[in-house]
Number of protein chains: 2
Amino acid sequence: MDVSQLLKGVLDVAVLAVVKDEDGYGYDVLRRLRAAGFDEIGDASVYGTLRRLYLNGSLTSYVVPSDEGPHRKYYAINDAGRTVLEESIKTWRGFADSIDQVLKLNREVAA
Amino acid sequence: MDVSQLLKGVLDVAVLAVVKDEDGYGYDVLRRLRAAGFDEIGDASVYGTLRRLYLNGSLTSYVVPSDEGPHRKYYAINDAGRTVLEESIKTWRGFADSIDQVLKLNREVAA
DNA sequence: AAAGACTACTGTGGAAAGCAGAGTACTCCG
DNA sequence: CGGAGTACTCTGCTTTCCACAGTAGTCTTT
C-alpha cells in the first residue's frame, strides 16, 4: 500500500491542525509532520498544500526575515480555516470508523 | 473535505477485506461497502478497484450465471491478496495513528 | 407488449493531489 | 571556495476516484 495515496485529502487537515497550534512556515510544518509519523512526506506536497489552503482562504500569510537562512513565509489559521478544520475532523472520524469497521479493527474514542 | 479524496489508496484494502470474508461480485461488494458507511462511493470506483486487484494478482475471478439478472463476475482473494491485505492493515494502522496524533484524537485499539 | 426499474458490467475521459526533479537563493562552517 | 543546511517556487508525471455513456439481462406494471 502506498502511503502517498493515503495522504490525499488528509494532508489538508494535518497541515491545518499543525498550523492551528502555532503559526508555521513551510519547512517547519514539514518537520513537524515528519516528526508526527509522516516521515516519507515530500516537501513539495507540504508547500503545495499551504499554498492551496492560502488560496482558498483558510490561511493568512506573512513573511519574516531570518538570520539563519532565507526568509520564512509564515502561515496562520483564520476563522474560515478553523471551521474547515472542525468539519474535516468530523469527516475524518466517520471515515476512519468505516474503515475500521470493514477491517474489523475495534477502535474507540477514548476521550 | 472531500470523502472521495480520502478513499484514494484505502479502497484497495476495503475491497480486499470485504472479499476476504466471502467471495463477491462487483455489485454486491458495492452494496456491502455502502452498508459499512461508504454510502457515497461510486460504482465505477469499485469495479475499477476489483479489476486492478485482479490484474495485480491479488484476486482470482469466475463467472456465475444468475436467475435474477445478468451474469455475475465473482472475485475471490488468494494468498497474494491476503499478504497484501495484512501489510495494508499495518500501514493503515500506522497512518491512522499519525493522523489521530496530529488531530489530537485519542483512539485506542480495544481488542 | 411496451415501459420502467433493478441488476450487473465495461470503457472513456476528466480532475484532484502527492511528488520527483530542477532551479533559485541565503547563511554558516571548514 | 565548496558543501551542507535552510527555505521556497515551478513544471510535469502518475495514480486513483468518479461521472457518464453504453450494453444487457430479469421482473413488474400498465
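Q: How does chain B lie on chain A, what turn and what RMSD?
A: In this predicted model, a turn of 180° with a shift of 0.0 Å along the axis lays chain B on chain A at an RMSD of 0.0 Å. The two copies are therefore related as by a two-fold rotation axis.

Q: And which surface do the copies meet through?
A: The same one, because 100% of the interface residues of chain B are also interface residues in chain A.

Q: OK, over to the DNA. How many residues surround DNA strand C, and which are the closest?
A: There are 28 residues around DNA strand C, and the closest are K8(A), S45(A), Y27(B), R72(B) and K73(B). Of the strand's atoms that come within 4 Å of the protein, sugar and phosphate account for 76%.

Q: Nice. Which side chains have a polar atom by a phosphate oxygen of that strand?
A: Y25(B) is one of them, with a polar side-chain atom 3.1 Å from a phosphate oxygen of DNA strand C. R31(B) also has a polar side-chain atom there, 3.4 Å from a phosphate oxygen.

Q: What about a polar backbone atom, say in H71(B)?
A: That one lies 3.4 Å from a sugar or linking oxygen of DNA strand C.

Q: Which elements give two or more residues to the surface near strand C?
A: From chain A it's α4 (43–55), and from chain B they are α3 (26–35), α4 (43–55) and β3 (72–77). The largest share, four residues, comes from α4(A).

Q: Last thing: how do the residues of that surface divide by type?
A: Ten are nonpolar, nine polar and nine charged.

Key
Residues numbered from 1 in each chain as written. Chains lettered and ligands numbered in written order. Predicted model: local features only at pLDDT ≥ 70, side-chain atom pairs only at ≥ 80, totals over all residues. Heavy atoms only, no water. Near = heavy atom within 4 Å. Polar contact = N/O pair within 3.5 Å; in protein donor to acceptor, adjacent residues only side chain to side chain. Nonpolar A, V, L, I, M, F, W, Y, C, P; charged D, E, K, R; others polar. Least-squares fit on C-alpha atoms with pLDDT ≥ 70 in both. Contact = heavy atoms within 4.5 Å.
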